Amino acid sequence: MVNPWKTYVKLSAVLMGSHGLTKGSLAFLNYPAQLMFKSTKVLPVMVMGAFIPGLRRKYPAHEYVSAILLVLGLILFTLADAQTSPSFSVIGVIMVIGAVVMDSFLGNLQEVIFNMNPETTQMEMLFCSTVVGLPLLIPPRVLTGEVFEAWNSCSEARLREAASLEKHVLLKKLRDALESLKGRVVGRNKDDVEEAIAMGLIWRQK
(Lines give C-alpha, C1' and ligand atoms only; values in the text may rest on other atoms or scores of the structure.)
Protein backbone atom coordinates (compact mmCIF):
# COMPACT_ATOMS: atom_id res chain seq x y z
CA MET A 1 0.00 0.00 0.00
CA VAL A 2 1.54 3.32 -1.08
CA ASN A 3 -0.86 5.70 0.72
CA PRO A 4 -1.42 6.14 4.48
CA TRP A 5 -4.66 4.88 5.99
CA LYS A 6 -5.78 8.39 6.95
CA THR A 7 -6.06 9.19 3.24
CA TYR A 8 -8.52 6.37 2.76
CA VAL A 9 -10.43 7.32 5.92
CA LYS A 10 -11.18 10.71 4.33
CA LEU A 11 -12.05 9.10 1.01
CA SER A 12 -14.28 6.50 2.64
CA ALA A 13 -16.12 9.14 4.70
CA VAL A 14 -16.92 11.14 1.58
CA LEU A 15 -17.90 7.99 -0.31
CA MET A 16 -20.29 6.81 2.42
CA GLY A 17 -21.78 10.27 2.78
CA SER A 18 -22.40 10.51 -0.96
CA HIS A 19 -24.06 7.09 -1.23
CA GLY A 20 -26.03 7.53 1.97
CA LEU A 21 -27.45 10.91 1.02
CA THR A 22 -28.19 9.74 -2.53
CA LYS A 23 -30.14 6.67 -1.42
CA GLY A 24 -31.77 8.48 1.49
CA SER A 25 -33.03 11.30 -0.69
CA LEU A 26 -35.28 8.83 -2.54
CA ALA A 27 -37.43 8.69 0.60
CA PHE A 28 -38.33 12.35 -0.01
CA LEU A 29 -37.88 12.78 -3.78
CA ASN A 30 -39.05 10.72 -6.71
CA TYR A 31 -36.47 9.41 -9.16
CA PRO A 32 -36.86 12.10 -11.90
CA ALA A 33 -36.26 14.84 -9.31
CA GLN A 34 -33.18 13.10 -7.93
CA LEU A 35 -31.79 12.44 -11.40
CA MET A 36 -32.32 16.08 -12.33
CA PHE A 37 -30.18 17.22 -9.39
CA LYS A 38 -27.54 14.53 -9.96
CA SER A 39 -27.20 15.70 -13.56
CA THR A 40 -25.64 18.94 -12.30
CA LYS A 41 -22.66 17.13 -10.76
CA VAL A 42 -20.27 18.29 -13.45
CA LEU A 43 -20.51 21.92 -12.28
CA PRO A 44 -19.56 21.30 -8.61
CA VAL A 45 -16.74 19.03 -9.78
CA MET A 46 -15.29 21.84 -11.87
CA VAL A 47 -15.71 24.40 -9.08
CA MET A 48 -14.22 22.19 -6.35
CA GLY A 49 -11.29 21.32 -8.59
CA ALA A 50 -10.20 24.96 -8.44
CA PHE A 51 -9.99 25.00 -4.63
CA ILE A 52 -8.76 21.54 -3.57
CA PRO A 53 -5.04 21.61 -2.57
CA GLY A 54 -2.89 19.50 -4.84
CA LEU A 55 -5.15 20.12 -7.81
CA ARG A 56 -5.98 23.82 -8.20
CA ARG A 57 -7.39 23.26 -11.65
CA LYS A 58 -8.59 26.26 -13.63
CA TYR A 59 -11.08 26.11 -16.48
CA PRO A 60 -11.62 28.72 -19.19
CA ALA A 61 -14.98 30.46 -19.36
CA HIS A 62 -16.16 28.59 -22.44
CA GLU A 63 -15.83 25.24 -20.60
CA TYR A 64 -18.12 26.50 -17.84
CA VAL A 65 -20.61 27.61 -20.48
CA SER A 66 -20.39 24.19 -22.13
CA ALA A 67 -20.94 22.48 -18.77
CA ILE A 68 -24.01 24.64 -18.04
CA LEU A 69 -25.48 23.83 -21.47
CA LEU A 70 -24.78 20.14 -20.89
CA VAL A 71 -26.55 20.24 -17.53
CA LEU A 72 -29.56 22.03 -19.04
CA GLY A 73 -29.72 19.44 -21.81
CA LEU A 74 -29.61 16.57 -19.32
CA ILE A 75 -32.34 18.16 -17.21
CA LEU A 76 -34.61 18.70 -20.23
CA PHE A 77 -33.98 15.16 -21.43
CA THR A 78 -34.80 13.78 -17.97
CA LEU A 79 -38.05 15.76 -17.78
CA ALA A 80 -39.07 14.74 -21.29
CA ASP A 81 -38.34 11.07 -20.69
CA ALA A 82 -39.87 10.85 -17.21
CA GLN A 83 -43.24 9.14 -16.88
CA THR A 84 -44.11 11.29 -13.82
CA SER A 85 -43.39 14.88 -12.90
CA PRO A 86 -40.58 15.59 -10.41
CA SER A 87 -41.73 15.61 -6.79
CA PHE A 88 -39.78 17.93 -4.47
CA SER A 89 -39.29 18.02 -0.70
CA VAL A 90 -37.09 20.43 1.25
CA ILE A 91 -35.35 17.61 3.13
CA GLY A 92 -34.86 15.61 -0.05
CA VAL A 93 -33.44 18.61 -1.90
CA ILE A 94 -30.97 19.32 0.92
CA MET A 95 -29.90 15.66 0.96
CA VAL A 96 -29.38 15.38 -2.78
CA ILE A 97 -27.48 18.69 -2.90
CA GLY A 98 -25.23 17.36 -0.13
CA ALA A 99 -24.71 14.19 -2.16
CA VAL A 100 -23.75 16.22 -5.24
CA VAL A 101 -21.25 18.27 -3.23
CA MET A 102 -19.69 15.12 -1.78
CA ASP A 103 -19.55 13.58 -5.26
CA SER A 104 -17.58 16.62 -6.42
CA PHE A 105 -15.13 16.16 -3.52
CA LEU A 106 -14.88 12.42 -4.19
CA GLY A 107 -13.77 12.65 -7.81
CA ASN A 108 -11.27 15.43 -7.16
CA LEU A 109 -9.89 13.74 -4.04
CA GLN A 110 -9.28 10.52 -5.96
CA GLU A 111 -7.47 12.49 -8.65
CA VAL A 112 -5.29 14.19 -6.02
CA ILE A 113 -4.34 10.78 -4.58
CA PHE A 114 -3.35 9.48 -8.01
CA ASN A 115 -1.35 12.64 -8.75
CA MET A 116 0.52 12.57 -5.42
CA ASN A 117 1.29 8.85 -5.66
CA PRO A 118 1.33 7.65 -9.29
CA GLU A 119 2.00 4.10 -8.05
CA THR A 120 -1.49 3.96 -6.54
CA THR A 121 -3.59 1.31 -8.27
CA GLN A 122 -7.34 1.29 -8.75
CA MET A 123 -7.49 -2.01 -6.86
CA GLU A 124 -5.87 -0.41 -3.81
CA MET A 125 -8.16 2.60 -4.03
CA LEU A 126 -11.35 0.51 -4.16
CA PHE A 127 -10.25 -2.08 -1.60
CA CYS A 128 -8.96 0.32 1.05
CA SER A 129 -11.86 2.77 0.82
CA THR A 130 -14.30 -0.14 1.17
CA VAL A 131 -12.45 -1.83 4.06
CA VAL A 132 -12.27 1.44 6.00
CA GLY A 133 -15.98 2.08 5.57
CA LEU A 134 -17.10 -1.44 6.47
CA PRO A 135 -16.66 -1.13 10.28
CA LEU A 136 -18.54 2.17 10.21
CA LEU A 137 -21.48 0.66 8.35
CA ILE A 138 -21.98 -2.47 10.47
CA PRO A 139 -23.25 -0.84 13.73
CA PRO A 140 -26.09 1.14 12.07
CA ARG A 141 -27.11 -1.93 10.06
CA VAL A 142 -27.26 -4.01 13.25
CA LEU A 143 -29.27 -1.35 15.11
CA THR A 144 -31.79 -1.00 12.28
CA GLY A 145 -32.06 -4.77 11.82
CA GLU A 146 -31.04 -4.66 8.16
CA VAL A 147 -28.23 -7.18 8.77
CA PHE A 148 -30.72 -9.78 10.00
CA GLU A 149 -33.07 -9.10 7.10
CA ALA A 150 -30.20 -9.57 4.65
CA TRP A 151 -29.16 -12.80 6.38
CA ASN A 152 -32.71 -14.18 6.21
CA SER A 153 -32.96 -13.24 2.54
CA CYS A 154 -29.69 -15.05 1.78
CA SER A 155 -30.88 -18.14 3.69
CA GLU A 156 -34.18 -18.20 1.78
CA ALA A 157 -32.33 -17.79 -1.51
CA ARG A 158 -30.05 -20.75 -0.70
CA LEU A 159 -33.06 -22.92 0.16
CA ARG A 160 -34.80 -22.00 -3.09
CA GLU A 161 -31.63 -22.71 -5.06
CA ALA A 162 -31.18 -26.08 -3.36
CA ALA A 163 -34.80 -27.06 -4.07
CA SER A 164 -34.45 -26.02 -7.70
CA LEU A 165 -31.20 -27.96 -8.08
CA GLU A 166 -32.74 -31.06 -6.54
CA LYS A 167 -35.67 -30.81 -8.95
CA HIS A 168 -33.34 -30.58 -11.95
CA VAL A 169 -31.31 -33.58 -10.74
CA LEU A 170 -34.44 -35.70 -10.37
CA LEU A 171 -35.71 -34.65 -13.79
CA LYS A 172 -32.35 -35.48 -15.36
CA LYS A 173 -32.42 -38.95 -13.81
CA LEU A 174 -35.99 -39.44 -15.07
CA ARG A 175 -35.01 -38.34 -18.56
CA ASP A 176 -31.97 -40.66 -18.59
CA ALA A 177 -34.16 -43.56 -17.45
CA LEU A 178 -36.73 -42.84 -20.18
CA GLU A 179 -33.98 -42.53 -22.79
CA SER A 180 -32.59 -45.89 -21.68
CA LEU A 181 -36.06 -47.42 -21.87
CA LYS A 182 -36.63 -45.92 -25.29
CA GLY A 183 -33.87 -48.02 -26.79
CA ARG A 184 -35.44 -51.25 -25.55
CA VAL A 185 -38.94 -50.90 -26.97
CA VAL A 186 -40.35 -50.85 -30.49
CA GLY A 187 -43.59 -50.08 -32.26
CA ARG A 188 -46.46 -48.45 -30.42
CA ASN A 189 -44.71 -48.72 -27.05
CA LYS A 190 -41.77 -46.76 -28.44
CA ASP A 191 -44.11 -43.96 -29.48
CA ASP A 192 -45.56 -43.90 -25.96
CA VAL A 193 -42.09 -43.64 -24.43
CA GLU A 194 -41.12 -40.80 -26.79
CA GLU A 195 -44.28 -38.96 -25.77
CA ALA A 196 -43.40 -39.50 -22.11
CA ILE A 197 -39.91 -38.12 -22.71
CA ALA A 198 -41.37 -35.04 -24.42
CA MET A 199 -43.75 -34.48 -21.51
CA GLY A 200 -40.84 -34.83 -19.08
CA LEU A 201 -38.80 -32.22 -20.95
CA ILE A 202 -41.75 -29.80 -20.96
CA TRP A 203 -42.19 -30.30 -17.21
CA ARG A 204 -38.47 -29.68 -16.70
CA GLN A 205 -38.65 -26.35 -18.54
CA LYS A 206 -41.50 -25.25 -16.28
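**Close-up views of helix packing in a predicted model**

**View 1. Helix α2 against helix α5.** In this predicted model, the axes of α2 and α5 cross at roughly 35° and come within 9 Å. The crossing in which α2 passes α5 is right-handed. On the α2 side the contact is made by Gln-34, Phe-37 and Lys-38, and on the α5 side by Val-93, Val-96, Ile-97, Ala-99, Val-100 and Asp-103. Sorted by residue class, the contact of α2 with α5 comprises 6 nonpolar residues, 1 polar residue and 2 charged residues.

**View 2. The salt bridge between Lys-38 and Asp-103.** A search of the whole structure finds 1 salt bridge, and in this close-up the side chains of Lys-38 and Asp-103 meet in a salt bridge, with 2.4 Å from N to O. The pair links distant parts of the chain, since Lys-38 belongs to helix α2 (residues 31-38) and Asp-103 to helix α5, with their positions 65 residues apart in sequence. Side chains of opposite charge can pair when their charged atoms come close. How accessible are the two partners, Lys-38 and Asp-103? Lys-38 has a relative accessible area of 22% and is therefore partly exposed, as the buried class ends at 20%. Asp-103, by contrast, has a relative accessible area of 12%, which places this residue under the 20% limit, and so Asp-103 is buried.

**View 3. The surroundings of Gln-34 and Thr-22.** Gln-34 lies in helix α2, whereas Thr-22 is found in helix α1 (residues 5-25). Is Gln-34 buried or exposed? Gln-34 is buried, because its relative accessible area is 5% and the class takes in values under 20%. Leaving aside its neighbours within four places in sequence, Gln-34 is in contact with Thr-22, Ser-25, Leu-26 and Val-96. Thr-22 is buried as well, with a relative accessible area of 11%. When neighbours within four places in sequence are again left aside, Thr-22 is in contact with Gln-34, Lys-38 and Ala-99, and the Lys-38 in this list is the residue whose side chain meets that of Asp-103 in the salt bridge of View 2.

**View 4. Leu-21 of helix α1 and its contacts.** The place of Leu-21 is in helix α1, and this residue is partly exposed, with a relative accessible area of 23%. Which residues does Leu-21 touch, not counting those up to four places away in sequence? On that basis Leu-21 touches Met-95, Gly-98, Ala-99 and Met-102. Ala-99 is also among the residues in contact with Thr-22. Leu-21 and Gly-92 are 71 residues apart in sequence, while in space their C-alpha atoms are 8.8 Å apart.

**View 5. Helix α3 against helix α5.** The axes of helix α3 (residues 42-49) and helix α5 (residues 90-116) come within 8 Å of each other, and they cross at roughly 55°. The two helices, α3 and α5, are therefore oblique to each other, and their crossing is right-handed. From α3 the contact draws on Pro-44, Val-45, Met-48 and Gly-49, and from α5 on Val-100, Val-101, Ser-104, Phe-105 and Asn-108. The residues of this contact between α3 and α5 divide into 6 nonpolar and 3 polar, with no charged residue. Val-100 also takes part in the contact of α2 with α5 shown in View 1.

**View 6. Helix α1 against helix α6.** At what angle do α1 and helix α6 (residues 122-144) pack? The angle is about 70°, and the axes of the two helices are 8 Å apart. That angle makes α1 roughly perpendicular to α6, and α1 passes α6 in a right-handed crossing. In this view Trp-5, Tyr-8, Val-9, Leu-11, Ser-12, Leu-15 and Met-16 in α1 meet Glu-124, Met-125, Cys-128, Ser-129, Val-132, Gly-133, Leu-136 and Leu-137 in α6. The contact of α1 with α6 is divided among 11 nonpolar residues, 3 polar residues and 1 charged residue.

**View 7. The chain as a setting for the close-ups.** The chain has 8 helices and 0 strands. Of its 206 residues, 25% count as buried, and the buried residues include Gln-34, Thr-22 and Asp-103. Among contacts in the chain between residues at least 6 apart in sequence, 78% join residues at least 24 apart.

How values were computed: Residues are numbered from 1 along each chain as its sequence is written. This is a predicted model: local features need pLDDT of at least 70, side-chain atom pairs count only at pLDDT 80 or more; totals for chains, interfaces and linings use all residues. Side-chain values use heavy atoms; hydrogens and water are left out. Axes are lines fitted to C-alpha atoms, for helices over the stretch in contact, and angles run from 0 to 180 degrees between N-to-C directions. Helices (H or I, at least four residues) and strands (E, at least two) are DSSP runs, numbered from the N terminus. Angles under 35 degrees count as roughly parallel, over 145 as roughly antiparallel, 65 to 115 as roughly perpendicular and the rest as oblique. A crossing is left-handed if the near helix is turned anticlockwise from the far one by less than a right angle, and right-handed if clockwise. Contact means heavy atoms within 4.5 Å. Ala, Val, Leu, Ile, Met, Phe, Trp, Tyr, Cys and Pro count as nonpolar, Asp, Glu, Lys and Arg as charged, and the others, Gly among them, as polar. A salt bridge is a side-chain nitrogen of Lys or Arg within 4 Å of a carboxyl oxygen of Asp or Glu. Buried means under 20% relative accessible area, exposed over 50%, partly exposed in between (1.4 Å probe, protein chains only).
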